[in-house]
Structure formats: structure tokens, C-alpha cells
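Grab your viewer and work through a few exercises on sheets, cavities and ring pairs. Try each task on your own before reading the solution below it.

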Amino acid sequence: MESSALDFVAQSCMDLTEALNTAGSEADRDILIVNHIKKVSSVVTAVEDFKKDLEWVNVSEPISLSQHCSDKIVVLDFWTYCCINCYHVLPDLAHLEKLHSVENGLVVIGVHCAKFNNEKDSSNILAAVRRYNIHHPVVNDADSSYWEALGIHCWPTLLILGPGNKPLFVLTGEGHREELVSFVGVAIRHFGFRISTAEIPMSPSNYIRPKDCDVLQFPSKVALNPFYRGRGEEPFLAISDTGNHRVILTDCSGIILRIIGGPEPGFKDGKLSEARLNSPQGVCWLSGSVLAVCDTNNHAVRAVHLDDGTVEVLVGTGEQSHTGDLGGKCLGMQALSSPWDVVLYTTPDMDMSIRPQLPPPPPAPSSPPAAPPRHTDNTTNNDDTKEKDKKDEKRRVVLIACAGSHQIWALFLDNTIWWKYKSYTEGTCVCIAGSGVEAARNSAYPNTACFAQPSGLTLRTGTNPEMFIADSESSSIRRLTLSTGQVSTLCGGDRNPLNLFAFGDVDDIGVEAKLQHPLGVAYCEANKTLYVADTYNHKIKKVDIGPQKVTTLNPTMIETSDPAIFNEPSGLSASADGKYLYIADTNNHSIKILNLAKNVCQEFKVRVPDPKFTEPENLILYKNDLFIHKKCGNLIIHFNMNLEADQSKDGKTTGRAPQFTPGAPQNWHVWIKDDTNKDVTLDEFDFVSGSRKGTKLPGRVEMKLKHQTDKTHYLLYLSFQTSLCDASVCYSHFFTVRSTILVRDSVKPVESYRITCKVNPAMTRASKAEQSKR
């Protein structure tokens with residue numbers, strides 16, 4: 001199909017939109033849309049079909065427009081998964097798909113046309129489809145041949161086809177939900193009987209997590225707790241578990257301490273377990289007990305209060321802000337657009353010239369001064385002290401990367417004097433840098449500078465504080481001078497601010513270095529180095545700030561010495577001592593720790609805590625230790641029970657001892673725990689010449705260490721469930737014998753022991769009866 005025909009449809013749609021703005025009623029609007037359909041369909045021809053060699057997601061076989069969709073209303077969504085505007089269209093398409101199913105005549109097809117080389121890979125598109133929860137078919141137009149054949153010019157573009165695959169409507173950019181719903185609804189009603197109710201070969205991709213990544217799903221950002229002091233139950237690391245719509249707080253070993261939100265998306269305040277988030281991204285510690293979270297799909301920043309276990313909106317309304325909104329409202333009244341990262345900046349008032357200065361003291365008189373009065377007035381000195389304290393007092397400012405509006409915003413937590421004498425009251429949220437135009441324009445004036453989807457923030461404090469910004473769509477790292485608001489480029493990108501295609505993978509200096517859609521940055525004051533998550537190059541890089549030199553880090557895995565393989569890493573956090581870098585390895589569904597001194601990497605295993613172990617009831621302690629050789633030694637235990645009769649207070653036997661019930665099973669089993677109370681029965685031991693369970697007494701068990709171990713001891717539990725009878729009744733009796741297995745290299749390869757348990761079931765029954773009475 002020639003692009004001129006599609007241009008005709010686009011121009012007709014512009015005319016239609018102008019006419020709809022003056023329509024008086026819904027009926028008038030429908031008439032205008034129907035007339036547009038008749039006009040356009042009488043002129044245009046069918047669009048060409050998809051090539052047969054394209055790769056697809058969410059289908060059981062490739063979709064053909066002519067075979068599967070000739071009697072449908074089809075919405076072709078030309079998108080690329082890096083694009084924030086394309087991201088904003090997805091909720092509109094999901095809303096449309098709820099209104100009209102395939103059986104009702106609507107088919108939505110995502111045509112993925114990559115901007116970045118990394119996005120041409122179908123496996124990466126599949127990950128994005130899963131991450132964004134897309135259920136309609138998606139085709140990988142990797143070389144943009146279909147894009148070019150139809151004359152598409154920008155992302156996102158929505159092309160609506162009618163029966164016969166004729167183009168009826170073209171919508172470019174985001175924010176067209178109302179038009180989309182109206183156009184599709186009228187088209188389905190207009191074509192009525194011509195619309196097919198047949199299904200198409202859809203097969204939404206089921207997400208199967210890797211076995212070793214069963215906790216996290218597409219983690220995006222991490223933040224070490226700068227207030228961490230090592231106290232019990234104090235969070236060490238915050239993780240945005242984006243795919244599970246939650247934030248996880250862990251201790252220093254990766255054990256989960258708190259979970260905020262999840263597993264389903266939502267927008268709800270309240271208790272940590274009841275609150276709901278929607279694809280959270282950036283996280284930042286405001287204090288040791290308060291965490292700020294970029295609730296990205298809810299277009300808000302949330303505050304997590306750990307002391308009282310609640311979540312509330314810090315800023316944002318839950319709806320995306322309108323284009324051109326520069327802010328100025330307070331807290332939950334001010335809308336945002338896809339906040340992606342957040343940092344806390346503390347500063348004295350910026351420009352103190354707005355505060356009146358005290359007059360200079362008068363010159364000293366030539367004659368000797370008069371005697372001082374008896375009572376000295378210290379009011380002036382106190383005022384001077386108070387004024388100085390007020391000047392030095394730190395104001396808290398939350399800086400927000402709003403990727404959706406291509407701007408940097410600030411939430412002032414205290415009354416603050418900002419740049420150019422501007423004064424902001426507590427709770428005010430405003431745009432402080434970025435015109436809203438998507439570009440990479442530098443400027444000494446922050447409101448005329450331009451960003452391109454800022455997605456990562458980090459601070460460099462000191463005498464000349466500045467903020468580094470991962471400007472993802474320009475593939476560059478930008479810097480914002482926090483004393484003046486000047487915006488400049490540190491590295492990557494291009495000198496032409498309109499060139500957003502200057503990406504690559506080149507280690508060099510300044511703009512000669514090339515990145516590919518970086519999403520994360522972390523500055524470390526200890527070693528004066530900036531670290532970059534070069535997301536689409538699947539690499540971690542460092543930048544020497546002075547010379548602006550970019551260098552790729554090539555760490556190896558500590559366990560295997562193999563090169564560390566990252567998959568779209570998007571979040572970083574550096575330890576204060578400069579020794580470690582924590583990495584959100586997003587598409588590997590994991591967190592990694594990079595030892596910067598040794599350049600080795602290891603998994604930070606995020607896991608739920610093991611259930612707290614409680615000792616079994618009726619526990620008998622076997623006082624003699626058992627031994628096993630540390631080099632795969634064998635341990636044989638022969639065991640039996642002696643049943644004792646009940647005794648009176650003076651120690652005399654009061655009756656006949658109970659007996660084993662003839663023919664009934666006398667069940668027993670062995671289990672072993674290590675020094676952390678982890679059950680290692682089958683992980684670290686083999687049971688030879690039989691099982692670790694049995695039904696007869698006396699019994700025998702033989703176990704062998706699977707591997708040489710450095711552990712010093714284990715706890716052996718031998719549990720019994722016996723069937724007994726006395727003179728009047730038959731009953732079951734449960735008890736457990738515990739012994740310690742000491743691991744040594746100075747014992748025999750095969751150690752053998754005999755254990756005989758003396759048990760008085762009557763005493764146990766009497767004790768339980770007494771407890772039940774209480």
C-alpha cells in the first residue's frame with residue numbers, strides 16, 4: 001500500500017476530529033464517524049498482509065490479515081517496548097479489549113518495530129510482553145519492513161482496519177482512548193452483519209519462572225538503606241519487584257523481612273499487606289522507617305511507613321498528568337506522569353539573598369568606650385544565632401524522574417527557597433527541569449532544557465552538588481547542577497539534541513562514548529565513580545566524572561569464574577564504602593552483588609525465611625553424643641524401646657507396664673537438621689541398607705554423608721508413633737528422641753551405636769490430662 005493513501009486517511013481523521021469537537025450530541029458524533037467510514041472506505045485499498053517469515057508472540061500460528069481478519073475490525077498498534085508513549089497506550093488497548101472481544105469482531109495486533117538493536121530480538125520482545133501483561137498477538141517486524149510498507153512515521157501509531165483490511169482511522173501518539181473507543185464501537189455497529197464471530201489462533205504466553213528465580217519477577221530498582229545499623233529486623237535492601245507489583249525489604253543475607261503490595265496491581269492505601277501498587281519502579285529511603293516508592297503505572301509516589309506498617313500517597317492522583325502541566329499543587333492533588341525513579345536531596349535554602357541581612361556594625365569610636373550597662377541585652381546576639389541556624393538548616397526535597405513527561409520534578413517536604421529566589425511551601429510538587437519536549441537539549445536555564453525519558457537518578461553531594469540522570473531514549477547520562485539548575489551531558493548521546501538514535505556500545509570519553517537505553521545510575525562518593533546500568537547492552541559500566549571516561553566492567557561469577565551474564569539490568573545501588581554494587585538484573589529475575597575491588601559477581605538470593613522451628617512434643621534428650629567422619633562417613637544406629645510401668649510417689653510400681661499392641665505397626669522415622677535448623681535429611685545424607693522410616697521395633701538405620709562437610713554438628717531426631725495397650729485400653733503414643741551428631745575427622749569411617757529408650761506412656765497421658773483440665 002502506498003504511503004500517500006495512508007496520508008489521506010490521516011488527513012481525513014484530522015478533519016473528523018475537528019468536526020467532532022463541534023458535534024452537539026452523541027448521535028451527531030456517530031453520524032460524523034459513519035460518514036467518515038463511508039468516505040474513506042470508498043477510496044482506499046486493502047493494506048498488504050504480514051510476511052510469512054515473521055516471528056509472533058501470543059499465537060498458536062502466525063496471523064494472516066486476509067485469512068483470519070478480513071471480516072474483523074483490526075487495530076494495528078505500531079510500538080516499540082522502550083517507548084514510554086507506547087507504554088501509555090497499552091492500558092487504552094486493554095480497556096478496548098474488555099469492551100469488545102474477538103468473538104464480537106475486534107482483533108488487536110501489536111506490530112513491534114524496534115528502535116534499538118536490542119529490541120529486535122524476539123526473546124526480548126517476549127519478556128516485554130510478559131512484563132507489560134500483553135495478551136493480544138504481537139508480531140516482530142524486526143527490520144521495519146511492514147512499518148515502511150504502510151508508511152508509518154512514529155511510535156506509537158494506531159491503524160484501525162475495517163472489513164477487507166481497508167484502513168479507516170489513523171491515530172498517532174498517546175491519549176486517544178475516547179477516540180479509540182468511539183471509532184471502534186461505531187465501526188462494529190456500522191458493519192454489523194459483515195463482522196465475523198470466528199476465533200483467531202491466539203495463545204497468550206504463560207509465564208514460567210526459572211526454578212532458581214521463584215521469588216522475583218522483573219525486579220527493576222534497588223536501594224540500600226543508608227540508615228542501616230545492623231539491628232534485628234532492620235531492612236538492609238529495598239527491591240522493586242515490578243512484575244509482582246510489590247516492594248520487598250530484605251536483611252543483608254536476602255531473607256525477606258517485609259512485603260509491600262502485590263501480587264495483583266491496584267491503587268490502594270492501608271496496611272502493608274492490603275496496599276496495592278502497579279508496576280513500581282524507583283525506591284528511596286527518606287528515613288530509616290520511611291520509604292518512597294515510584295508507583296509508576298498509578299502515576300504516583302507512595303510513602304511506606306514501616307513504624308506503623310502503612311502505605312499512603314505522597315504525591316499523585318492515580319491518573320496521568322496532562323501535557324503541559326508544570327505542577328504547583330500539593331501532595332495528592334498534583335498529578336504526575338510515569339514517575340520512574342526518586343532520590344532525596346537535602347539542602348539549605350538555595351539563594352539567601354532573599355533574606356534581609358543585618359546592618360554592619362558601626363565603626364569603633366576614637367574615644368575610650370563608656371562603661372557597659374549593668375544589664376546586657378542579648379536579643380541581637382540571639383537573633384544572629386537564630387538567623388544563622390535558619391540559613392544552615394537542611395530542607396528536604398524529593399527529586400522525581402517523570403519519564404512520561406520527560407521532566408525532573410521536585411516535592412518539597414519543607415518550606416524551601418529554590419533557584420532564582422523562588423519560594424515553595426511544604427508539600428508543593430513542581431517541575432524543576434525539562435520543557436516536556438522529548439529531546440536531549442542542554443541549557444543553563446532548567447525549564448528550557450529537554451530530556452528524553454529520564455529513568456534513573458543518583459546524587460553527588462559535596463560543595464558542588466549535582467544529580468546524574470539516566471536519559472534512556474537519548475542513550476546518554478545527563479547532569480543537573482543542583483545549585484543553579486544547569487543541564488549538561490556527561491557521556492553518551494549526540495551533540496545534536498534532536499538525534500535520539502545516537503546509541504551503541506563504545507567505551508570512550510564524553511559524547512564519543514555510546515550507550516544503549518541506560519535505565520540505572522549509582523554514584524559512589526567513596527571512590528568518586530558513577531556506575532551505569534547500560535540496559536540494552538546488558539552491561540555495567542563506570543564513568544570517571546572528571547575526564548568523563550566510560551569503561552565497561554567485565555566481572556566473572558564468583559562460583560564458576562564464567563563471565564557474568566546480565567539481561568537488561570535496570571537498577572543500581574552502591575554501598576557507602578565503595579566495595580559493592582547491587583544490581584537489579586531485570587530479565588534474569590534476580591539481584592546480583594558486584595564486588596568492585598575483585599570484579600567478581602554473585603547472586604543475592606532473595607528468599608522467604610524458613611519456618612521457625614519448634615521442638616516436637618514429648619522430647620527425650622539422649623545425652624551421649626554420636627560421631628560421624630567428615631569425609632562421607634557412615635553412622636549406624638540400632639534402637640529399641642523399653643516400656644515402664646507407672647510408679648507411685650514413693651517410687652513403687654503401681655501396675656503392669658503397657659505392652660506393644662500385637663500385630664499393630666510401631667512407626668518410626670529419622671530426620672536431621674543442621675546448625676541453622678534447616679532440614680538436611682535428604683540433602684546431605686544417603687540412607688543405606690534400608691530406609692529412614694520403619695514400622696517395627698527394634699529398628700536399625702544406617703546413614704552416610706553424601707559429601708565431605710565443614711559443618712561441626714547435626715541434630716538427629718528419631719520420632720516414634722507406637723501402638724500400645726494396657727489392662728483397659730489401647731492407644732497411640734508419640735515421642736521423639738534427640739541426639740547430637742558430631743562431625744570429626746578423627747573417628748572411624750563407620751561408627752555404630754545402640755540406643756534404648758525408656759518410656760513411661762502413662763506419665764505422659766496423665767500430664768496431658770492435667771493440662772486439658774487447666
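## Exercise 1: a ring pair between strands

Tyr582 is buried, with a relative accessible area of 7%. Bear in mind throughout that this is a predicted model.

**Task.** Find the ring that pairs with Tyr582, and work out whether that partner is buried or exposed.

**Solution.**
- Start with the geometry: Tyr582 and Phe604 make an edge-to-face aromatic pair, with 5.7 Å centre to centre and 80 degrees between the planes. The angle clears the cut-off, because planes over 60 degrees apart count as edge-to-face.
- Next, place the two rings. Tyr582 sits in strand E33 (residues 580-585) and Phe604 in strand E35 (residues 600-604), so the pair links distant parts of the chain, 22 residues apart.
- Finally, check the partner: Phe604 has a relative accessible area of 5%, so it counts as buried, since the limit for buried is under 20%.

## Exercise 2: a ring pair between loops

**Task.** Which parts of the chain does the pair of Phe116 and Tyr536 tie together?

**Solution.**
- A search of the whole structure turns up 23 aromatic pairs. One of them is Phe116 with Tyr536, edge-to-face at 5.4 Å centre to centre and 80 degrees between the planes.
- Now look at where they live: Phe116 is in the loop between strand E3 (106-112) and helix H5 (122-131), while Tyr536 is in the loop between strand E28 (529-534) and strand E29 (539-544). The pair therefore ties together parts that are 420 residues apart in sequence.
- As for accessibility, Phe116 and Tyr536 are both buried.
- For an extra ring hunt, pick out Phe50, Trp56, Phe78 and Tyr146, which ring pairs link into a cluster.

## Exercise 3: an open sheet

**Task.** Work out the strand order of the sheet that holds E7, E8, E9 and E10, and say which strands lie at its edges.

**Solution.**
- Follow the pairing: four strands form an open sheet in the order E7-E8-E9-E10, and they pair antiparallel.
- The edges are strand E7 (219-224) and strand E10 (256-261), each of which pairs on one side only.
- On average, neighbouring strands here are turned by 20 degrees against each other, direction ignored.
- Zoom in on one pairing: strand E9 (residues 246-250) is joined to E10 by five bridges, and the two run antiparallel. Thr250, for instance, has Ile256 in E10 as its bridge partner.
- Then step back to the loop between strand E8 (237-241) and E9, where you'll find Gly243. Gly243 is buried, with a relative accessible area of 17%. Its C-alpha atom is separated by 4.7 Å from that of Gln217, 26 residues apart along the chain.

## Exercise 4: enclosed space

**Task.** How many cavities of 30 Å³ or more does the structure hold, and which residues line the second largest cavity?

**Solution.**
- Why use a probe here? Rolling one the size of a water molecule over the atoms shows where empty space is left.
- The count comes to two cavities of 30 Å³ or more.
- The largest cavity has about 290 Å³ of space. It is lined by 23 residues, and the closest to its centre are Arg131, Tyr132, Gln281, Trp340 and Leu519. Sorted by class, its lining has eleven nonpolar, ten polar and two charged residues.
- The second largest cavity has about 30 Å³ of space, and its lining is Glu48, Asp49, Lys51, Leu54, Ser145 and Tyr146. By class, that gives two nonpolar, one polar and three charged residues.

Terms used. Residues numbered from 1 in each chain as written. Predicted model: local features only at pLDDT ≥ 70, side-chain atom pairs only at ≥ 80, totals over all residues. Heavy atoms only, no water. Pairing = 2+ DSSP bridges. Axes fitted to C-alpha atoms, helices over the stretch in contact; angles between N-to-C directions. 1 Å grid on protein atoms, 1.4 Å probe; cavity = no way out; pocket = protein on both sides within 12 Å on 5 of 7 lines; lining within 4 Å. Points joined across faces, edges and corners; volume = space filled by probe spheres on them. Nonpolar A, V, L, I, M, F, W, Y, C, P; charged D, E, K, R; others polar. Phe/Tyr/Trp six-rings, centres within 6.5 Å; stacked < 30°, edge-to-face > 60°. Buried < 20%, exposed > 50% of the residue type's maximum accessible area, 1.4 Å probe, protein only.
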